[in-house]
Amino acid sequence: MSADTELNRELSLACVRLKTKPRTYGLLGEDDSDMTDADRLLFEMTEFDKCDPARIQHFMKVYEYAHMIGVGEGLAEKEMHILEAAAILHDIGIIPCEKKYGYCNGKLQEEEGPHFAKEILERIGYAADETE
């Protein structure tokens with residue numbers, strides 16, 4: 001079995017668990033107090049993207065690269081918090097655009113995405129100055 005096939009299988013299993021326990025970030029229902037906001041956002045985006053492996057792999061890669069760059073640049077904690085959220089949520093407008101218009105481009109994503117991003121950020125507990 002190829003690495004991509006195995007990853008897709010693992011993502012599918014994780015999504016099944018997510019769908020049966022919505023908003024319970026510990027996949028098996030365990031205490032999630034050790035999770036970071038970025039961890040919670042990753043779960044939210046996995047659910048938002050309907051467990052589509054290609055989209056999940058994309059935002060995970062963007063998040064990992066952004067995190068590495070932030071660490072390398074010595075970003076302060078608040079700046080890193082915002083960078084990670086932006087990296088995870090950067091394509092959140094794709095699904096709403098495809099549903100509404102039947103296609104998606106950057107301009108439409110900029111119009112449709114912020115509402116959904118703000119909703120998720122507020123649900124997780126991001127401060128108002130971090131959601132604008």
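**Helix packing in an all-helical predicted model**

In this predicted model, helices H2 and H3 pack at an angle of about 160 degrees, and their axes are 10 Å apart. Angles over 145 degrees count as roughly antiparallel, and H2 is therefore roughly antiparallel to H3. The crossing of these two helices is right-handed. On the H2 side, the contact is made by Ala38, Leu42, Met45 and Thr46, while H3 brings Ile56, Phe59, Met60 and Tyr63 to meet them. Sorted by character, the residues of this contact comprise seven nonpolar, one polar and no charged.

It helps to place this pair in the whole chain. The chain has seven helices and zero strands, and reading along the sequence gives the pattern α-α-α-α-α-α-α. Of the 132 residues in the chain, 36% are buried. Among contacts between residues at least 6 apart in sequence, 53% join residues at least 24 apart.

H2 also meets a second partner, H6. Two packed helices are described by the angle between their axes and the distance between the axes. For H2 (residues 37-48) and H6 (residues 106-124), the axes come within 10 Å and cross at roughly 135 degrees. H2 and H6 are therefore oblique to each other. Here too the handedness can be read from the model: H2 passes H6 in a right-handed crossing. Asp37, Arg40, Leu41, Glu44 and Phe48 of H2 make this contact with Phe116, Ile120, Leu121, Arg123 and Ile124 of H6. The residues of the contact of H2 with H6 divide into six nonpolar, no polar and four charged. Setting the two contacts of H2 side by side, the one with H3 has no charged residues, whereas the one with H6 has four.

The next topic is the interior. In soluble globular proteins, nonpolar side chains tend to be buried together. In this model, the largest nonpolar core has 18 residues, and those with the most contacts inside it are Leu41, Met45, Ile88, Leu89 and Ile92. At least two residues of this core come from each of H2, H3 (53-73), H4 (77-89) and H6. H2 supplies the largest share, five residues. Two of the residues with the most contacts inside the core have already appeared above: Leu41 in the contact of H2 with H6, and Met45 in the contact of H2 with H3. Met45 is worth following a little further. Leaving aside its neighbours within four places in sequence, Met45 is in contact with Phe59, Ile88, Leu89 and Ile92. Of these partners, Phe59 belongs to H3, and Ile88, Leu89 and Ile92 are again among the residues with the most contacts inside the core.

Helix H5 (residues 94-101) has its own buried residues, namely Ile94, Ile95, Pro96 and Cys97. The buried residues of H5 pack against H2, H3 and H6. Just after H5, Gly102 takes a positive phi of about 85 degrees.

A last stop is Ala86, which lies in helix H4. Is Ala86 buried, partly exposed or exposed? Buried means under 20% relative accessible area and exposed means over 50%, so Ala86, at 45% relative accessibility, counts as partly exposed. The C-alpha atoms of Ala86 and Val62 are separated by 9.6 Å, although these residues are 24 apart along the chain.

Definitions and conventions: Residues are numbered from 1 along each chain as its sequence is written. This is a predicted model: local features need pLDDT of at least 70, side-chain atom pairs count only at pLDDT 80 or more; totals for chains, interfaces and linings use all residues. Side-chain values use heavy atoms; hydrogens and water are left out. Axes are lines fitted to C-alpha atoms, for helices over the stretch in contact, and angles run from 0 to 180 degrees between N-to-C directions. Helices (H or I, at least four residues) and strands (E, at least two) are DSSP runs, numbered from the N terminus. Angles under 35 degrees count as roughly parallel, over 145 as roughly antiparallel, 65 to 115 as roughly perpendicular and the rest as oblique. A crossing is left-handed if the near helix is turned anticlockwise from the far one by less than a right angle, and right-handed if clockwise. Contact means heavy atoms within 4.5 Å. Ala, Val, Leu, Ile, Met, Phe, Trp, Tyr, Cys and Pro count as nonpolar, Asp, Glu, Lys and Arg as charged, and the others, Gly among them, as polar. A nonpolar core is a set of buried Ala, Val, Leu, Ile, Met, Phe, Trp, Tyr and Cys residues joined through side-chain atoms within 4.5 Å. Buried means under 20% relative accessible area, exposed over 50%, partly exposed in between (1.4 Å probe, protein chains only).
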